[in-house]
Amino acid sequence: MSATSGPLPLGFQGAAPAKPTRPAEPDNYLTHEKGILSWIFTLDHKRIGVMYMVLVLSFFALGGFFAIALRTMLWSPVDFNANPAHAKASYDLYNHFFTLHGAVMVFLFIIPAVPAILGNFILPMMLGAKDVAFPRLNLLSLWIYFTGAVFFSYVLLSGILHAVFGWNIPGGWSLDTGWTFYTPYSSSLSQGAVVPAVLGAFILGFSSILTGLNFIASIHMLRPKGMTWFRMPLFLWAIYSTSIIQVLATPVLAITLLLLAAERVFGVGIFDPKLGGDPVLFQHFFWFYSHPAVYIMILPAMGVISEVMVAFSRKHIFGYNFIAMSSIAIALFSFVVWGHHMFVSGQSPLSAAVFSLLTFAVAIPSAVKVFNWLGTLYQGDIRLTTPMLYAMGFIFLFTIGGLTGLFLGAMSVDIMLTHTYFIVAHFHYVMMGSTLFAFLSGLYYWWPKMFGKMYSETWGKVGLLFVFVGFNLTFFPQFVAGSRGMPRRYASYPVQYQAFHRMSTAGAYTMGTGLIIAGLTFAQSLLRGKKAPNNPWGGSTLEWESTSPPRHDNFEHTPVAGDPYDLHGIEYDPATGGWFRNPNAAPAPATHGH
Amino acid sequence: MAEDALTSEHTLVAHQFEDVAQQREASTLGMWAFLSTEILFFGAIFVAYGVYRLRWPDQYRQGSLELKWYLGAINTAVLLISSFFMAMGVHAAATGQIKTLIRNLLWTIVLGTLFLVIKGTEYYLEYEDGLVPGVAFKMEKPSESAQSGFARAFESFEHWISPVAKNRGETHRRSPQEEQFMMFYFIMTGIHATHMVIGIALLSWLVWMARRGKFSAEYHNPVEITGLYWHFVDTVWVFLFPILYLLRNP
């Protein structure tokens, strides 16, 4: 493929960031090759990242649409006695809606969001490398994701479309088990398309495994001269920890789903008590994957926050080693806390107590991160750009999500709060309030690098305001409703909870509006955005030493890495509106460092 | 680009790597990471099997007694010998002896295929014995007259090598837990066999590449990492064989 690349414009060869006068637009990864096939068969990690972005965000829109649909159904309770048949149909539809929302958001959005989009695009560039270690495996992972995601969403949607519009779609059953596929409901009772849905999740797992494997090999092998393990940007530590979980936990889900499918097809008991199986074993296996998966969702998000904090505080990260090691600690802890999902499922009191204790322990590395971010902010030269505001929103919401997690890790409190809206609020604060905020923070932060265009700060912040207010309006009342006994997964409720539900629904619409504004901001940037300088934020990691957008092989000369957060000598150039590393800067003061 | 790097003689190194050594180390690391995925993949089903085996030791023992342990033993030998040829193949590749490499790869393929043939025979005999869960599971062992001559031949061979076995099987009533045992047996050996098929496909691809002169002492990481995979699949069988076939005495 390299044979097709045109010669680079001469003016580009010696272009220093300080003198951005280029005679012609230099070749970049977007213009390097033309045609749809050059995208489908590309091995370029940047194009793969962009394709992931388009796909993952489409499925985010699908899952989001059904979140709004759910909240709309919950605006008023359904009076069962008025029309039982109608109420039953409505309940069924509600079950399909929340299953679709949960499954799509978990498997198709949050798990791949930060690693597959930002990780693919940024990780090799942070390493000063030309690509990931195995580019073809990377492309395969994208194809598997595409196949699995289309199949999975088809399965989940078909029955809903049939129920709502009366369309006869082959295989139209949808799924009503929730994203957790709990047995025995999923193994013998549910009328839903359990086996096809399980197959879809199984396929998607491979995409996740292959991406994780690729990142592990890339981080081990492709670090440039001067980048020791403890000189890696913290985003890479976060992705590395995530990849370990992806590689070690996902196969357990794969085999569990395979056993579930086999049980359903052959009718031989493995997890179904009626057939001699053990449903609690399913829960053990399921959460052995799905609890670590929670950290697949949050760890890369934390990595984004570390990068954004440095760039917009103009200050070296505070406590580098602690943040790096806390990522590894969270990854390790993640494998030994799954039992806290099962306090009411029938565990021995001893194992429940051990799981509870270990769960509390996770709070330590999480808090280490939060305090170190705050330490980075302290006395920094803070700029409240859109990515920075999202990052601050992350810290705020993650703190609420994390602390309410401690309530649920305490056995006695959990027994009261489990299966209520308190849980729903808790994990949305962590999954959505934290991961989505960090994802958007990272997307705004790296957007100029990815597409070479600036976005509108004003509209970015307007969108943020709606998302932040809407988010809290949606989920904060759910803490209250939950602690007052509103059970989760119910299609209807007693009127005493109506005020909370209406607040939530209003919040969902507000948040939806904010996300649409964010989407339009990005679209406007692509169409009419100001040209982005190479380093619009003054970031010190290697990806900012490339052009915006990067050239096909990322760097003209392989950059040499030093301390990733050495901001010394990075100066603002009013002529380009960007920053550059001034080689003639005065020597660093002696007090600098971590 | 990576595409050219693997197919042309002069650039063996993909553009993201600095030299052959780095590329080789990366692919080896990648394969080890993949094998750790595989360990957890098989590990989970071993745990599930262990949980139920401890819960119903007698029924699972009855299940073990119905398996053709001697076929499993032969297969173990076949697979271990195939691993020997694989190791010799990797050694040949590392020393640049391409003809020896191809010969060893072909022996590995032959033995891998033989394993699958024997496994298939076992599956067939288990079908005749009414041991296929969910589809053709019978609560009692079918009488000898109901079986084909092929199956009867194995039956009498079994009685000949292990006279004690005469007293079991015919009269005992099977239990749902035994069906569950067979379920695990088929899933575990089935997944293993799937890995074997993938391994044989990879080996065939290696032979094709080797014939086209793609490998040398300098560049042979595909041989090396396929070797790792093949040995891993063997190792899984080394665990499957005793826990399924050999845990049969009270």
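**Group meeting: patches, spaces and salt bridges in a two-chain model**

I would like to begin on the surface, where A:Ile36, A:Leu37, A:Ile40, A:Phe41, A:Leu140 and A:Trp143 form a nonpolar patch with about 580 Å² of accessible area together. The elements that give two or more residues to this patch are α2 (36–40) and α5 (135–165) of chain A, and the largest share, three residues, comes from α2(A). Patches here are made of residues with over 30% relative accessible area and no salt bridge, with nonpolar side chains (Val, Leu, Ile, Met, Phe, Trp, Tyr) joined within 5 Å and like charges joined within 9 Å. The areas come from the Shrake-Rupley method with a 1.4 Å probe, and for residues only the protein chains shown count as cover. Helices (H or I, at least four residues) and strands (E, at least two) are DSSP runs, numbered from the N terminus.

Let me say early what we are looking at: this is a predicted model, in which local features need pLDDT of at least 70 and side-chain atom pairs count only at pLDDT 80 or more, while totals for chains, interfaces and linings use all residues. Residues are numbered from 1 along each chain as its sequence is written, chains are lettered from A and ligands numbered from 1 in the order in which they are written, and side-chain values use heavy atoms, with hydrogens and water left out.

Returning to the patch, is A:Ile36 buried or exposed? A:Ile36, which is found in helix α2 of chain A, is exposed, with a relative accessible area of 63%; the cut-offs are under 20% for buried, over 50% for exposed, and partly exposed in between, with a 1.4 Å probe and protein chains only. A:Val164, in helix α5 of chain A, counts as partly exposed at 43% relative accessibility, and its C-alpha is 8.5 Å in space from that of A:Leu93, although the two are 71 residues apart in sequence. A:Thr359, by contrast, sits in helix α11 (residues 349–377) of chain A and is buried, at 11%. Leaving aside neighbours within four places in sequence, A:Thr359 is in contact (heavy atoms within 4.5 Å) with A:Val337, A:His340 and A:Gly409.

Now to the empty spaces. Rolling a probe the size of a water molecule over the atoms shows where empty space is left. On a 1 Å grid over the protein atoms alone, a cavity is a set of points where a 1.4 Å probe fits but cannot get out, and a pocket is an open set with protein on both sides within 12 Å along at least five of seven lines; lining residues have an atom within 4 Å of a point. Grid points are joined across faces, edges and corners, and a volume is the space filled by probe spheres set on the points.

The second largest pocket holds about 1,600 Å³ of space, and of its 47 lining residues the closest to the centre are A:Leu137, A:Leu140, B:Met31, B:Leu202 and B:Ile225. Which helix gives the most to this lining? That is α7(B), with nine residues. There are also three cavities of 30 Å³ or more. The largest cavity has a volume of about 160 Å³, and of the 17 residues that line it, those closest to its centre are A:Phe107, A:Ile111, A:Pro112, A:Leu204 and A:Ser208. Here α7(A) gives the most, with six residues.

Next, the charged pairs. A salt bridge is a side-chain nitrogen of Lys or Arg within 4 Å of a carboxyl oxygen of Asp or Glu, and there are 15 over all chains. A:Asp278 and B:Arg55 meet in one of them, at 2.8 Å, N to O. This pair crosses between chains, from the loop between α8 and α9 (279–313) of chain A to helix α2 of chain B; A:Asp278 counts as buried at 14%, whereas B:Arg55 counts as partly exposed at 39%. Within chain B, B:Arg174 and B:Glu178 meet at 3.9 Å, N to O, and both are buried.

Finally, the backbone. Most residues other than glycine have a negative phi, and most peptide bonds are trans. A cis peptide bond nevertheless joins A:Thr183 and A:Pro184, with omega about 0 degrees, and A:Pro184 lies in the loop between α5 and α6 (185–189) of chain A. A:Phe181, in the loop between α5 and α6, has a positive phi near 50 degrees and counts as buried at 1% relative accessibility.
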